[in-house]
Amino acid sequence: MRTYLTNLLTWSTLINLVDILVVWYVIYRLIMLVRGTKAVQLLKGVFVIAAIKIISWFLQLKTVGYLTDLVITWSVPALVIIFQPEIRRGLEHLGRGSLIFRSNNNQHEVEVRMVKELDKAIQYMSKRRIGALMTIQKSTGLEDYIETGIPLDADISGELLINIFIPNTPLHDGAVIIRDNRIAVAAAYLPLSDSNLIPKELGTRHRAAVGISEVTDALTIVVSEETGEVTITNNNNLIRNLTRDDYMKFLTAQLVPKEEAPNPNSVVSFFSRRFKSRKKKEGKQ
């Protein structure tokens, strides 16, 4: 038994384990990147072709195997073209380091500000019963739904969100989609849920909020124009009649990363302290 464990715990085994974990993590991140987009349906088609190839090889179906080989050969450049938006988005995340590593220092302040601006808009619209639908992208891409809206690419502010949802204005009908802490689009269309569990008194906004939560991990805020009630959907959960304290706690827990205390022994902290002390000396002079 000891000999078996000694042979198992070798350097080669450790390298193979690390290799498998790296591949698994990359595949997981790629799946999360394309989840909720049309690329998922295309990937299903790729798996079907691969299954046909395996079956044809097992049953010795030469003609079917030949045809699937042709499809596979030509599918490689075709997939690069078809998945071009997902590949570009993945490379952008990789270039920013957000695909593997996430910086929580500046991110914390940005997310806190976003939650405050959302709260400002929700409070104003809820008191005046202005209907609103705001979807916040998390890990799952929302490219397919962003394409249906009117591009804004604007900083998040309560005033802008309020103006978007003022009734009888060009942008009020549809959803605001927030991506990377910016308002990506307004007047976007979200998929409507067919669930029979949604109460009958809830309208299209709520069905759209549940619908997007069924296919992505996005967080969606709904303000009812009839009652002013605030509702949040996330991971196929419908949370109704939230007070200000309730939704602030929920938004903070879901959207604001925990602030990590800087390591005083790190190189960055060392030079940061030296720079601050130098600025103080110059100020005294």
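**View 1. A salt bridge between helix 3 and helix 4.** In this predicted model, aspartate 69 has 34% relative accessibility and so counts as partly exposed. Lysine 53, at 25%, is also partly exposed. The side chains of these residues, aspartate 69 and lysine 53, meet in a salt bridge, with 2.8 Å from N to O. Because aspartate 69 sits in helix 4 (residues 62-82) and lysine 53 in helix 3 (residues 39-58), the pair ties together parts that are 16 residues apart in sequence. If you would like to hunt for others, the whole structure holds ten salt bridges.

**View 2. Lysine 120 and its acidic partners.** Here lysine 120 forms a salt bridge with glutamate 159, and their closest N and O atoms are 3.3 Å apart. Lysine 120 belongs to helix 6 (residues 105-128) and glutamate 159 to helix 8 (residues 158-164), so this pair ties together parts that are 39 residues apart in sequence. Lysine 120 is partly exposed at 37% relative accessibility, and glutamate 159 is partly exposed at 43%.

**View 3. A charged pair across strand 2 and strand 4.** Aspartate 153 and arginine 182 bring their side chains together in a salt bridge (2.9 Å, N to O). The two residues are 29 apart, with aspartate 153 in strand 2 and arginine 182 in strand 4. Aspartate 153 is exposed, at 53% relative accessible area, whereas arginine 182 is partly exposed, at 30%. Look along the backbone too: strand 2 and strand 4 (residues 182-188) run antiparallel and are joined by four bridges. Alanine 154 has isoleucine 183 of strand 4 as its bridge partner.

**View 4. The open sheet and the helices against it.** Seven strands make up an open sheet with mixed pairing, in the order 2-4-3-1-5-6-7. Strand 2 (150-155) and strand 7 (237-239) are the edge strands; each has a single partner strand, so one side of each has no neighbour in the sheet. On average, neighbouring strands are turned by 20 degrees against each other, direction ignored. Helix 9 (residues 204-215) lies across strand 1, strand 5, strand 6 and strand 7, at about 175 degrees to strand 5. Helix 10 (residues 244-255) also packs on the sheet, and its direction makes about 25 degrees with that of strand 6.

**View 5. A nonpolar patch on the surface.** Nine side chains are worth picking out here: Trp11, Leu14, Ile15, Leu17, Val18, Leu21, Val22, Val26 and Leu30 form a nonpolar surface patch, together offering about 860 Å² of accessible area. One of them, leucine 21, is part of helix 2 (residues 11-34). Leucine 21 counts as partly exposed, at 48% relative accessibility.

Definitions and conventions
Residues numbered from 1 in each chain as written. Predicted model: local features only at pLDDT ≥ 70, side-chain atom pairs only at ≥ 80, totals over all residues. Heavy atoms only, no water. Pairing = 2+ DSSP bridges. Axes fitted to C-alpha atoms, helices over the stretch in contact; angles between N-to-C directions. Contact = heavy atoms within 4.5 Å. Patch = residues over 30% accessible without salt bridge, like charges linked within 9 Å, V, L, I, M, F, W, Y side chains within 5 Å. Areas by Shrake-Rupley, 256 points an atom, 1.4 Å probe, with all protein chains shown as cover. Salt bridge = Lys/Arg side-chain N within 4 Å of Asp/Glu carboxyl O. Buried < 20%, exposed > 50% of the residue type's maximum accessible area, 1.4 Å probe, protein only.
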